[in-house]
Amino acid sequence: QAAFAVAGVVAMILLSKVRMVTYRRLSLLVLGVSIFLLAVVWIPHIGTRVNGARRWLSLGFTTFQPSEIAKIAVVLFFSSMICTYKEQMQTFRYGVVPFIVGLLMLEPHLSASIIIMALAIVMMFVGGIKLSYLLVGMGSAGALLLIASKFVPYVHKRIVSWRDPFADTSAAGYQIVQSLYSIGSGGFLGLGLGQSRQKYLYLPEEHNDYIFSIVCEELGYVGAIAILILFALLICRGYWIAA
């Protein structure tokens, strides 16, 4: 974790030195690379299947999800298109998003699909697209999710476990229930840094997807609020830069 943190900080500093026009020129390339990598996950011995989903690419020493690159690619590409077609935003169509979401749903990866659709909607709104087009797009996305929730077992299971994780505590809802136990046992001040019990084979993926639950267990309500305040400050800073 420390090595990844150092690498992340170094990458952040280096990327902050790159001129904005360079990102604009590379946006289409990054988008193409992300789509290519989303397709590559299906190649045996390159794509890695974990817990029934094929979302990861193996680098030998670690794995990563191409969906993370896709999120960045969508932001870069839409930003570039909004700048280039500013006067035509009332009629400009973003046909690439359904294609990316389709590849993600094949993995399957519901959460990344929702995030990328949300990114697209927000950026189209900021770019000045007609509100009627936006409402039609949001309605279509909602209808698609509703249909998938009824007829796609993976999506149905995820939504049911999200709404009522205690309906199936030994399978679909297991991870959510264990995370709630973790949060609840933290109390006001927590069990102490490094003293979590749930991370010992009780809570799956405790080091990434459910790290916040472990923070709540070890640092309690106070630590949880501190994390949320940090996120709020990050959002405010991002809004200030954007403004």
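Two strands are taken to pair if DSSP finds at least two bridges between them. In the predicted model described here, β2 and β3 form a hairpin with 4 residues between them, and G60, which lies in the turn, has a positive phi of about 90°. Strand β2 comprises residues 53–58 and pairs with β3 in the antiparallel sense over 2 bridges. Within this pairing, L57 has F64 of β3 as its bridge partner. On the β1 side, β1 and β2 pair in the antiparallel sense over 4 bridges, and V50 stands opposite A53 of β2. The resulting arrangement is an open sheet of 3 strands with the order β1-β2-β3 and antiparallel pairing. Its edge strands are β1 (47–50) and β3 (63–64), each of which pairs on one side only. Strand β2 is largely enclosed by the rest of the structure, because 5 of its 6 residues are buried.

Helix α3 spans residues 66–84. For its 19 residues, a rise of 1.5 Å a residue leads to an expected span of 27 Å, and the end C-alpha atoms are 26 Å apart, which agrees. The buried residues of α3 include P66, S67, A70, K71, A73 and V74, and F77, F78, S80, M81 and I82 are buried as well.

A similar check was applied to helix α8, which covers residues 174–186. Its 13 residues should span 18 Å at 1.5 Å a residue, and the end C-alpha atoms are separated by 19 Å, in agreement with that expectation. Five positions of interest in α8 are V177, Q178, S179, S182 and G186, which are its buried residues. The buried residues of α8 pack against α9. Just after α8, G187 adopts a positive phi of about 65°.

Residue S182 of α8 has a relative accessible area of 0% and is therefore buried, the cut-off being under 20%. Apart from neighbours within four places in sequence, S182 is in contact with Q198, S213, I214 and E217. Residue L203 is located in the loop between α8 and α9. With a relative accessibility of 2%, L203 likewise counts as buried. When neighbours within four places in sequence are left aside, the contacts of L203 are Q175, Q178, S179, Q198, Y210, S213 and I214. Although L203 and I214 are 11 residues apart along the chain, their C-alpha atoms are separated by 9.1 Å. Residues Q198, S213 and I214 thus appear among the contacts of S182 and among those of L203.

Pockets were examined next. Rolling a probe the size of a water molecule over the atoms shows where empty space is left. The largest pocket holds about 1,900 Å³ of space. Its lining consists of 44 residues, of which R55, W56, Q65, N208 and D209 lie nearest the centre. The elements that give two or more residues to this lining are α1 (2–16), β1, β2, β3, α3, α5 (110–127), α7 (153–163) and α8. Helix α7 gives the most, with 6 residues. By class, the lining of the largest pocket divides into 23 nonpolar, 14 polar and 7 charged residues.

The second largest pocket has a volume of about 1,200 Å³. It is lined by 21 residues, and M20, V75, L76, S79 and M123 are the closest to its centre. At least two residues of this lining are supplied by each of α2 (20–40), α3, α5 and α9 (211–242). The largest share, 7 residues, comes from α3. The lining of the second largest pocket has 16 nonpolar, 3 polar and 2 charged residues. Helices α3 and α5 are found among the elements that contribute to the lining of the largest pocket and among those that contribute to the lining of the second largest pocket.

Technical notes:
Residues are numbered from 1 along each chain as its sequence is written. This is a predicted model: local features need pLDDT of at least 70, side-chain atom pairs count only at pLDDT 80 or more; totals for chains, interfaces and linings use all residues. Side-chain values use heavy atoms; hydrogens and water are left out. Buried means under 20% relative accessible area, exposed over 50%, partly exposed in between (1.4 Å probe, protein chains only). Contact means heavy atoms within 4.5 Å. The expected span of a helix is 1.5 Å times one less than its number of residues. On a 1 Å grid over the protein atoms alone, a cavity is a set of points where a 1.4 Å probe fits but cannot get out, and a pocket is an open set with protein on both sides within 12 Å along at least five of seven lines; lining residues have an atom within 4 Å of a point. Grid points are joined across faces, edges and corners, and a volume is the space filled by probe spheres set on the points. Ala, Val, Leu, Ile, Met, Phe, Trp, Tyr, Cys and Pro count as nonpolar, Asp, Glu, Lys and Arg as charged, and the others, Gly among them, as polar.
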